[in-house]
Amino acid sequence: MARTKPSISVLGLGRVGLCFAVCCANRGFHVVGVDVDEEKLDMIGAGKAPFYEPGLQAMLEKAVEKKDLELTASAGEAVARSEVSFITVGTPGRPDGSVDLSQIESACRDVGKALAEKGAWHLVVVRSTVPPGTTGGLIKDVLEISSGLKCGRGFGLCMNPEFLSEGNAIRGILEPDRIVIGEYDKRSGDALQAFYEQFHGNGLSHGLILRTSLINAELIKYASNAFLAMKVSFANMIAHLCQLLPGADVVSIMDGVGLDKRIGRAFLNAGLGWGGSCFPKDLAALLKFAEGLGLQLPLVKATVEVNERQPLLAIELAKKVLGTLEGKRVALLGLAFKPGTDDIRGAVSLKLIEALLAEGADIVAYDPMAMENVKALLGSTISYASSAREALREADCCIIVTEWEEFRTLRPEDFKELMRKPVVIDGRRIFRPKDFEQVVHFLAIGRGPRKLT
Ligand code: UDX
């Protein structure tokens, strides 16, 4: 049967690229996936996802089996065999906050060379997060120089930011809240819109698509992440205030604040701070970018500052009860930067471990998924337990670092029975204080001292 949907290529099979490629294959597109890492290609080719993401493994197996996802290390081959190329390579942050664009430069150079051979109009879509001006500047220049073609005539160019939330990536791609199409020219934007119309079929409402310029699309990504992180830091700032006020509780306050439809309850969960592969990197990049223009972004700066302090609040709470942490056994429940993933990039747990080690604490940690990643990074600097209950054994203090579902099933009696000293610090507000306060020494982020009545 002749294919009615175009063939696409996806360059860079990391979290964003692989999830997107597999979803496209699932929606009936023929996908050519490209990566420079041959080992990764072999793994994906064998139908095995190189990282955990709910729903990905089954969809990948199907795509490979049905040959809807083909793999190659050659960008040239992929461009030749497709009509649209999505670029999803990494744009890692440097220690000074600036963005390393070498992978995207190299991918675009390869695409450009292939375009020179192709002789037909081809759409290039940047999905990687890049600083404002990069798509219409560096990327366009590299494509034009390496292809010898003019953007807009020989090929089209769009900036289509991804808003992938780990643990929810597949649903986010199949049922997005929005599709932002930054376009170099109308033809490019029309072609990408036509792709999404085919991808979503009748499921696509037109209010979902925003057509805009390349630079606006780039900025929408940074502004969205800065705003979300700011909401979390705002809740965390109020949490800090609550900790000084008898009877105050940030959870109830944010429930009340979030009821206002203009604000909304999402991303107002106070905790030990935000982490991950995007918020830390993107906020640092935005600050660095603005600095280059001689501009301060005070709200973004404060968002980061609140976040840096946040894990230390757990240590302050622990010290209130235990005095010094020197030689004390501290159990950390959760290491992943959020539940549902094995990812520890930018994880609060790592900052907490560093600060606890500096206090002389003896750390034992448990996480249902991220333990191997932490072991690879920290080795035997800390000890690892095979279950949450195991971690609690003989501990002087327990800190809830990641809100995994399985931790919610722990009862206050478990802590009392297993720990040497039952000091529980709920860093993610997963327990009902009322249940715990009677049984153990319970402290929580954003909860004031108990009211004396
Ligand atoms: C985020 C954005 O949601 C996504 O749109 C963007 O493309 C990439 O960055 P992700 O990093 O996967 O996605 O995680 P997210 O669910 O947004 O959480 C980020 C961090 O904020 C986590 O550490 C999480 O624990 C923390 N968080 C989130 C809170 O502490 N409180 C909240 O209320 C929400």
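Two strands pair if DSSP finds at least two bridges between them. Helices (H or I, at least four residues) and strands (E, at least two) are DSSP runs, numbered from the N terminus. Before you start clicking, know that this is a predicted model, where local features need pLDDT of at least 70, side-chain atom pairs count only at pLDDT 80 or more, and totals for chains, interfaces and linings use all residues. Residues are numbered from 1 along each chain as its sequence is written, and side-chain values use heavy atoms, leaving out hydrogens and water.

**Stop 1: the mixed sheet**

Begin with the open sheet of 8 strands, ordered β3-β2-β1-β4-β5-β6-β7-β8, with mixed pairing. At its edges you'll find β3 (69-72) and β8 (209-213), each with a single partner strand, so one side of each has no neighbour in the sheet. From one strand to the next, the twist averages 25° (angles run from 0 to 180 degrees between N-to-C directions, and axes are lines fitted to C-alpha atoms, for helices over the stretch in contact).

Now select residues 7-11 and 84-87: these are β1 and β4, which run parallel and are joined by 4 bridges. Pick out Ser9 and you'll see Ser85 of β4 opposite.

Next, show residues 15-26. This is helix α1, lying across β1, β2 (30-34), β3 and β4 at about 165° to β1. Add residues 38-45 for helix α2, which packs on the sheet and touches β2 and β3 (contact means heavy atoms within 4.5 Å). The direction of α2 makes about 160° with that of β3.

**Stop 2: a pair of helices**

Move on to residues 279-292 (α11) and 298-322 (α12). Their axes are 10 Å apart, and they pack at an angle of about 140°. That makes α11 and α12 oblique to each other, because angles under 35 degrees count as roughly parallel, over 145 as roughly antiparallel, 65 to 115 as roughly perpendicular and the rest as oblique. To see the contact, show Leu283, Leu286 and Leu287 of α11 with Val300, Lys301, Thr303 and Val304 of α12.

**Stop 3: the parallel sheet**

Here 6 strands form another open sheet, this one with parallel pairing, in the order β11-β10-β9-β12-β13-β14. The edge strands, pairing on one side only, are β11 (383-384) and β14 (441-444).

Select residues 329-333, strand β9. Why is β9 largely enclosed by the rest of the structure? It's because 4 of its 5 residues are buried (under 20% relative accessible area; exposed is over 50%, partly exposed in between, with a 1.4 Å probe and protein chains only).

Click Val330 and look both ways: its bridge partner in β10 is Ile363, while Cys397 in β12 stands opposite too. Strand β9 has 5 bridges to β10 (362-366) and 4 to β12 (397-400), parallel in both cases. One strand further along, β12 pairs with β13 (423-426) over 3 bridges, with Cys398 opposite Val424.

Then show residues 348-358, helix α13. It lies across β9, β10 and β12, running at about 180° to β9.

**Stop 4: two loop residues**

Which residue has a positive phi of about 65° although it is not a glycine? That's Glu394, in the loop between α15 (388-392) and β12. At 43% relative accessibility, Glu394 is partly exposed.

Finish at Arg429, in the loop between β13 and α18 (433-437). Phi is positive here as well, near 55°, but Arg429 is buried, at 14% relative accessibility.
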